[in-house]
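Trainee: Please take one part of this model and go through it closely. I would like a connected account rather than a list.

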Amino acid sequence: MGNDGAKTRIRLIPKANSPGSNGPFASQYAIQQAILSRGGCFDDIEITIGDGPEQGDESILWCWYLMSRRHAIACERNKKPYIIGPNVLFYSERMPRIDNEEKLLCDSQYCLACVTECDRYADLIRKNCHGPLASRIVVAPCALPDSFLDSELSSQCNDDNGKAIVYVKHTKVPDSVFNVLDRKDVTVLHYGSFTRRELLDAARKASFCIYVSLEDRCPVAAAEIMATGCRVIGLRRCLPY
């Protein structure tokens, strides 16, 4: 709280108007709905939500998505406090500090906090930050909109029917995956090529899912699949549940 007793004002950008078609927007939509349900008031903090900074507004910007990275960069260059995450660092975890702007954020002197979803990714950020931000990392697991976990989708346990989903993200399906599966019983879902309803309907019909990803930290799709009763198999580093 400020010296005059006023609440600290934070502006969260960009606004998630709907769950969208990807995990980050689904999770952020849930978070923003929870904030709005409380009128944006949290003890000595007041949070507003919008698509960008408002002229004349001195709120601390919280830039949660890559599309708002330019506002974080502007804050850093203008020596203004701001918050980033969970979807600003990194473009690729296999190539952190990929460009000068990402390096500027990693070595920030003015970023108050970097939010991420799991300890593994927090360690990665910490390893690549060469300034105060290394000690300002906040771990907060991803959130799911209530509408994705309604009784229609989550109350039915899946039978052990031998049907499977192969969920593919950022890579192709290794032949070894299909070597242990009967192809006629496999539904292959590629990241970004399906609706959320299609994902959940497929999960309800399958007894297990093989989650093929080399780069993930707290995937909403995997959490949604598990919420239907479908078991998920994948690398521990990509599925911190």
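**The core around Leu105 and its surroundings**

Mentor: Lys79 is exposed, with a relative accessible area of 58%. This is a predicted model, and Lys79 serves here as a way in from the surface. Lys79 sits in the loop between helix 2 and strand 5, and its phi is positive, about 60 degrees, although Lys79 is not a glycine.

From that loop the chain runs into strand 5, and the core comes into view. The largest nonpolar core has 23 residues, and those touching the most other members are Tyr82, Ile84, Leu89, Phe90, Leu105 and Ile125. At least two residues of this core come from each of strand 4 (60-65), helix 2 (69-77), strand 5, helix 3, strand 6 (111-116) and helix 4 (119-128). Helix 4 gives the most, with 4 residues. As a general matter, nonpolar side chains tend to be buried together in soluble globular proteins.

Take Leu105 from that group. Leu105 belongs to helix 3, which covers residues 100-106. Its relative accessibility is 0%, so Leu105 counts as buried. Leaving aside residues up to four places away in sequence, Leu105 touches Arg69, Ala72, Ile73, Tyr82, Val88, Leu89 and Leu133. Ile84 lies 21 residues from Leu105 along the chain, and the C-alpha atoms of the two are separated by 8.9 Å.

Leu89 is a useful next stop. With residues up to four places away in sequence again left out, Leu89 touches Ile84, Glu102, Leu105, Cys106, Cys114, Tyr121, Ile125 and Arg217. The list therefore includes charged residues as well as core members such as Ile84, Leu105 and Ile125.

The backbone here also deserves a look. The peptide bond from Leu89 to Phe90 is cis, with omega near 5 degrees, and Phe90 is found in the loop between strand 5 and helix 3. Another cis peptide bond joins Gly85 and Pro86, where omega is about 10 degrees; Pro86 lies in strand 5.

The loop that holds Phe90 also holds Met95, between strand 5 (82-87) and helix 3. Met95 has 48% relative accessibility, so Met95 counts as partly exposed. Together with Tyr91 and Ile98, Met95 makes a nonpolar surface patch of about 290 Å².

How values were computed:
Residues are numbered from 1 along each chain as its sequence is written. This is a predicted model: local features need pLDDT of at least 70, side-chain atom pairs count only at pLDDT 80 or more; totals for chains, interfaces and linings use all residues. Side-chain values use heavy atoms; hydrogens and water are left out. Buried means under 20% relative accessible area, exposed over 50%, partly exposed in between (1.4 Å probe, protein chains only). Contact means heavy atoms within 4.5 Å. Patches are made of residues with over 30% relative accessible area and no salt bridge: like charges are joined within 9 Å, nonpolar side chains (Val, Leu, Ile, Met, Phe, Trp, Tyr) within 5 Å. Accessible areas come from the Shrake-Rupley method with a 1.4 Å probe; for residues, only the protein chains shown count as cover. A salt bridge is a side-chain nitrogen of Lys or Arg within 4 Å of a carboxyl oxygen of Asp or Glu. A nonpolar core is a set of buried Ala, Val, Leu, Ile, Met, Phe, Trp, Tyr and Cys residues joined through side-chain atoms within 4.5 Å.
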